[in-house]
Amino acid sequence: MRVYKRKTERATQSQEVYELAAAEVLENNCSIRKASKNFDLCHVSLGRYIKKKKNNDRQKVGYVKPRQVFTEEEECKMSSYVLKCAEIYFGLLPIEIRKLAYQCAVHLGAKNIPSSWHQNNMAGPDWFQNFMRRNANLSLRTPEATSLSRATSFNRTNVNAFFEKYQGVLQRHEFSASQIWNMDETGVTTVQKPKKIVAARGQKQVGAITSAERGTLVTLACAANAAGNFIPPMFIFPRIKYSEMFIRGGPQDCIGAGNSSGWMTEKEFLIFIDHFIKHAKPTKKEPVLLLLDNHGSHVNIAVVEKAKENNVIMLSFPPHCSHNLQPMDVGVYGPFKNYVNRAQTAWMYNNPGKTMTIYDIPSVVKESLLFALNPANIINGFKASGIWPLNVDIFQDSDFAPSYITDRPYPTEQSENVLNESANLSLNLEHPELLDSAPEVDISTTEIIGHIETANKPTPSCSGLNQFSPSKIRPLPKAPPRKTNIKCRRKRKSAILTDTPEKEALRVEYEEKMKKKQKKDDKEKRKGKGKGKKSAKNEDGIERVKKRILSSDSESEDCHCLVCDEAYNNSKGDWVECIACKMWAHVGCVTGDTISFVCINCDSDED
């Protein structure tokens, strides 16, 4: 039976009760019936227990579970292994646990393995259901997608390095709660994520209206301090030509900017720094501390110089650690997204048949931001991240568990030399004929012998119960040793950006970047000159082509086809104009209706 419910309370007493009853009978000459009545036991079971005790046989109490593959201790180890996999963000699927159970049963040499396990090379679904029922600390959960960078970068080394720098800043300036600020960005899209609704039971598909299939993102930048105060937000729209009308209906005293992507860049962050200085009002006697992440728009020499001139000390978090260290992420933006979803859903109900645009987002944010940016959420965010009040031990070992897979030391020259020398020695011992050609090496024999003994040390057998561990059958994932001499992009670390060494390093980095950009531009100019000479065979070069275009009275000679990029003066076919952007294209290059032609660029913008 898959689900059996007990109908009686028989065989539920512990062995200690039987021992007391047996002592009452054997030592005090009490009758078996009287003792069983006093201890609420069955007199037959008590008599059988006393008989085995007199014969020095093994005493058992209760019913024996039939056809049980694993013991309670073995299942406890499997349960601990499953929890460990979930802690390091490599959780097991039900089918993987069933396969692991079969491998463990074969490894242990269990006698009661069902034949269906051998046929399918895995345990059955009934065993998995009972396994979950017997281990109440396990549950099927839907995991939250977490990038590898976030899971591995949040480790004890990075966090300790940040708190050391943070403690040094606090001791140097003695900041109060109102002087410690955190700034972070988040995205608000025009398409909301529908929440759960009430619908008919048993219905497989339930729909909800959204503005479009794919939304447009607007960046929102906010800053708050540890005392629970905040400054008006900043909006960044995906529009090159920004207008103040974009933020009408937005929060009080908010500002805006625009660029082609809608993301924060150096230009927009300089505007935000001016906005922050205006409201935070730092002075030389009372400077402020601004905590922010290592985004490229934040870490640049122009921003750092402006911050230092206006008594703003900038301290950056370690990369990919903002989900636990940044107060705005921890305490504010989670509730804010929920409030925004509710406000957008209400907007759709109040404006049926209308599509939400990026110009409607400020009014939606105005309603939601006040609920999320309340003093309780802000203060709790600073407290949960250990920023204020300062708590360097806020994170436990379980918080750093996801970094287990990449938790290995950086290679050093000394360790690499020892490994190479030990490898050469073991090679020479196996092949003595190579000793003459081997180079002379002055190394420590003790280190080499110790390394070889450790490498050749036999692993303990897993046959016994005490040595059984699922991790030996299915090892936990572990990253290989770090590679050396690999060219990669510059890795940021937690740093006090306004300190002189860090500021000068940013200046040097900026100058190198500008030199590379100048070389690239010069190279592209030289390539462009060469192409121009080849394309104008009957002319004297690019200069004649420019003179011909500039001296032309017709505007059509500058026009090029949107599809094939052929110039109008070189074309003999008919042309058609886009009704949206007023650009032209060949009739032969256009597919579809040419009467109301919309080019592919304008068509993708409308989608």
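**Figure 1. Overview of the predicted model and its secondary structure.** Helices (H or I, at least four residues) and strands (E, at least two) are taken as DSSP runs, numbered from the N terminus, and on this basis the secondary structure of the chain comes to 21 helices and eight strands. The model is a predicted one. Of the 607 residues of the chain, 33% count as buried. Among contacts between residues at least 6 apart in sequence, 66% join residues that are at least 24 apart.

**Figure 2. The open six-stranded sheet, with strand order β4-β3-β2-β1-β5-β6.** The pairing within this sheet is mixed, and its edge strands, each of which pairs on one side only, are β4 (255-258) and β6 (312-316). From one strand to the next the twist averages 25°. Helix α15 (residues 375-384) packs on the sheet, where it touches β1 and β2 (217-225), and the direction of α15 makes about 80° with that of β2.

**Figure 3. Strand pairing around β1 and β2.** Strand β1 (residues 180-189) pairs with strand β5 (residues 288-292) in the parallel sense over three bridges, and I180 has L289 of β5 as its bridge partner. With β2, by contrast, β1 pairs in the antiparallel sense over nine bridges, and here the bridge partner of W181 is N225 of β2. Strands β2 and β3 also run antiparallel, joined by three bridges, with L220 matched to its bridge partner F235 in β3. Strand β2 is mostly covered, eight of its nine residues being buried.

**Figure 4. The largest nonpolar core and the surroundings of F336.** This core holds 45 residues, of which Y166, I180, F235, L289 and F336 touch the most other members; helix α9 (residues 156-173) gives the most to the core, contributing six residues. Two of these well-connected members, I180 and L289, are also bridge partners in the sheet, L289 lying in β5. When neighbours within four places in sequence are left aside, F336 is in contact with T186, V188, L220, V365, S368, L369 and A372. Apart from the largest core lies another, of 28 residues, among them I231, V304, L497 and L506.

**Figure 5. P251 in the loop between β3 (234-237) and β4.** A residue counts as buried under 20% relative accessible area, and P251, at 13%, is therefore buried. Not counting residues up to four places away in sequence, P251 touches P233, F235, P362, V365 and K366. The C-alpha atoms of P251 and P232, which are 19 residues apart along the chain, are separated by 7.0 Å. V365, listed here as a contact of P251, is likewise in contact with F336.

**Figure 6. Packing of helix α1 on helix α3.** Helix α1 (residues 15-28) and helix α3 (residues 43-54) pack at an angle of about 75°, with their axes 10 Å apart. Because angles of 65 to 115 degrees count as roughly perpendicular, α1 is roughly perpendicular to α3. On the α1 side the contact is made by Q15, Y18, E19, A21, A22, V25 and L26, and on the α3 side by S45, L46, Y49, I50, K53 and K54. Taken by residue class, the residues of this contact divide into eight nonpolar, two polar and three charged.

Notes. Residues are numbered from 1 along each chain as its sequence is written. This is a predicted model: local features need pLDDT of at least 70, side-chain atom pairs count only at pLDDT 80 or more; totals for chains, interfaces and linings use all residues. Side-chain values use heavy atoms; hydrogens and water are left out. Two strands pair if DSSP finds at least two bridges between them. Axes are lines fitted to C-alpha atoms, for helices over the stretch in contact, and angles run from 0 to 180 degrees between N-to-C directions. Contact means heavy atoms within 4.5 Å. Angles under 35 degrees count as roughly parallel, over 145 as roughly antiparallel, 65 to 115 as roughly perpendicular and the rest as oblique. Ala, Val, Leu, Ile, Met, Phe, Trp, Tyr, Cys and Pro count as nonpolar, Asp, Glu, Lys and Arg as charged, and the others, Gly among them, as polar. A nonpolar core is a set of buried Ala, Val, Leu, Ile, Met, Phe, Trp, Tyr and Cys residues joined through side-chain atoms within 4.5 Å. Buried means under 20% relative accessible area, exposed over 50%, partly exposed in between (1.4 Å probe, protein chains only).
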